[in-house]
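Please read the following walk through a protein with its sequence and its three-dimensional structure open beside the text. The paragraphs move from single residues to strands, and then to the spaces between them.

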Amino acid sequence: MISPASLTGLSSVAASSASVSLPAPLLDIIKSLIRSSSVVGAEHSFFRVLQRELEDRGARVTWYEGLLVAQGNKPDSLMFSAHIDRHGLICTGPNEFQYAAFVCGGRSDLLGNSVSEELMLQIVDRFVNEGVFAYDPWSGAYRGQGTIRNAYICPYRNNLIFELDGMSHLVAGTPVAFQDRLRIAQGRLYGQLDNVLTAAMLVYLFELGFRGTAFFTAQEEAGRSWRYLLEWFRRFGGTTNQLVVVDTSPYPDIAAASQQQLVLRHKDANAGFNHELTQALVSGCEQLGLSYRFKDDYIEQQNRQLAAAGLAPKSLGSTEMGRIVAASGGLVDGTTLQIPTTGYHTMNESAELGSGLAFVRLLCKLAGLSLP
């Protein structure tokens with residue numbers, strides 16, 4: 001479903017995207033965070049950066065294993081969650097490097113059963129010649145830089161293997177991040193946006209006076225973040241807990257991504273989402289004049305076309321929200337709010353500035369905050 005301007009309104013949104021801008025303080029946060037490494041499984045140094053940014057804005061911050069919790073003075077009023085890990089490599093032996101998400105997740109094989117993996121198999125060659133740098137996972141101390149010479153699927157290990165120049169001195173266990181910085185061109189943000197973009201927006205909410213709770217989770221790209229979140233709710237949550245998980249959502253190209261400013265979901269491959277909370281997001285979009293589409297409807301429409309052509313269906317995707325709903329036995333439910341992007345899991349992932357602004361406006365409406 002696309003609303004409220006329908007298709008005629010979308011063309012005007014796209015035409016004016018180049019003139020849209022995000023608040024300067026928010027851009028500063030994104031620029032700062034995207035330069036701080038946070039390879040999946042080695043996020044501790046990023047948590048240090050995030051803690052400083054949040055405490056500078058008045059949040060009360062608590063660390064747990066795989067989870068950083070930032071709270072205002074009304075922590076139960078509204079709860080958001082964003083994962084903070086990004087894709088990168090891990091040194092697994094002398095001059096040997098593998099995709100960190102698969103190593104962190106204990107994956108010895110590519111199973112082909114997730115959106116992330118489907119896309120990775122398609123874009124593996126895009127990493128050649130990308131600059132990378134190594135760092136200490138705890139302190140973030142710099143350990144040198146190099147370049148990706150080759151990336152391929154190893155036929156023996158059935159996993160992604162990377163060959164690097166300039167990194168032969170590293171020892172096993174050292175994370176290697178992609179060199180990245182925020183770029184803005186033709187009305188779009190570019191960089192490794194998943195998921196530093198929406199995490200930065202939650203930090204910005206505290207600058208605006210957010211009084212609720214924001215969770216920042218590790219190892220989402222390895223499929224583990226929901227475990228850390230569920231442990232917190234089992235210890236500190238109420239009898240029922242509603243959560244809005246914020247993230248990016250991949251589309252094949254700019255034309256497809258620009259068909260909506262925001263992405264909602266009824267469900268993912270794991271579970272259905274809370275109907276009332278999802279409808280609250282719909283109402284907020286319509287009141288603010290923001291266009292939206294349900295990602296599960298979009299994928300199911302594609303799958304009907306694929307089935308008619310005798311082709312295999314696409315996965316509905318596996319989200320942090322779906323995993324925790326499926327595992328919590330009713331303790332936690334909620335919904336997702338996502339920004340449509342292109343170039344998923346590359347250094348050229350992009351999001352329309354208009355979508356970013358729409359996202360912040362809706363967050364502010366939900367939290368009862370005013371956007372300057």
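In this predicted model, N129 counts as exposed, because its relative accessibility is 62% and the exposed class begins over 50%. N129 is placed in the loop between α5 (115-123) and β6 (131-135), and although N129 is not a glycine, its phi is positive, at about 75°. Most residues other than glycine have a negative phi, and most peptide bonds are trans.

H345 also has a positive phi without being a glycine, here of about 60°, and H345 belongs to the loop between β16 and β17. Is H345 buried or exposed? With a relative accessible area of 3%, H345 is buried. The peptide bond between D194 and N195 is cis, with an omega of about 5°, and N195 is found in the loop that runs between β11 and α6 (196-207).

The strand that follows the loop of N129 is β6, and here the setting is an enclosed one: 5 of the 5 residues of β6 are buried, so this strand is largely enclosed by the rest of the structure. In a regular strand the side chains alternate between the two faces of the sheet. For β6, G131, F133 and Y135 lie on one side while V132 and A134 lie on the other, and both faces are covered, since all of these residues are buried.

Which strands pair with β6? One is β7 (residues 142-154), which pairs with β6 in the antiparallel sense over 4 bridges, and within this pairing T147 of β7 is the bridge partner of G131. β6 and β7 form a hairpin with 6 residues between them, and in the turn G140 has a positive phi of about 80°. Another is β9 (residues 175-178), which runs antiparallel to β6 and is joined to it by 3 bridges; in β9, V176 is the bridge partner of A134.

Strand β17 (residues 349-352) can be read in a similar way. Both of its faces are covered, with E349 and A351 buried on one side and S350 and E352 buried on the other. Strand β11 (residues 188-191) runs antiparallel to β17 and is joined to it by 4 bridges, and L189 stands opposite A351 in β17.

Taken as a whole, the protein has a secondary structure of 12 helices and 17 strands. Buried residues make up 58% of its 372 residues. Among the contacts with a separation of 6 or more, 74% are between residues 24 or more positions apart. The structure holds 0 disulfides. As for single cysteines, C104 is buried because its relative accessible area is 15%, a value under 20%, and C285 counts as buried at 0% relative accessibility.

The next topic is the space left inside the protein. Rolling a probe the size of a water molecule over the atoms shows where empty space is left. How many cavities of 30 Å³ or more does a search of the whole structure find? The search finds 1, and about 40 Å³ of space lies in the largest cavity. Its lining is made up of H83, E220, V245, D247, T319, E320, T336 and Q338, which divide into 1 nonpolar, 4 polar and 3 charged residues. Two strands, β13 (241-250) and β16 (332-341), each supply at least two residues of this lining.

There are also open pockets to consider. The second largest pocket has a volume of about 170 Å³. It is lined by 15 residues, of which D76, S77, L78, M79 and Q242 are the closest to its centre. The elements that give two or more residues to this lining are α7 (225-236) and β13, and β13 provides the largest share, 4 residues. By character, the lining of the second largest pocket divides into 8 nonpolar, 6 polar and 1 charged.

Q242 also leads to a last residue, N274. Leaving aside neighbours within four places in sequence, N274 is in contact with Q242, D333, G334 and T335. N274 lies in the loop between β14 (262-264) and α9 (275-288), and N274 counts as buried because its relative accessibility is 10%.

Notes
Residues are numbered from 1 along each chain as its sequence is written. This is a predicted model: local features need pLDDT of at least 70, side-chain atom pairs count only at pLDDT 80 or more; totals for chains, interfaces and linings use all residues. Side-chain values use heavy atoms; hydrogens and water are left out. Buried means under 20% relative accessible area, exposed over 50%, partly exposed in between (1.4 Å probe, protein chains only). Contact means heavy atoms within 4.5 Å. On a 1 Å grid over the protein atoms alone, a cavity is a set of points where a 1.4 Å probe fits but cannot get out, and a pocket is an open set with protein on both sides within 12 Å along at least five of seven lines; lining residues have an atom within 4 Å of a point. Grid points are joined across faces, edges and corners, and a volume is the space filled by probe spheres set on the points. Ala, Val, Leu, Ile, Met, Phe, Trp, Tyr, Cys and Pro count as nonpolar, Asp, Glu, Lys and Arg as charged, and the others, Gly among them, as polar. Two strands pair if DSSP finds at least two bridges between them. A disulfide is a pair of cysteine sulfur atoms within 2.5 Å.
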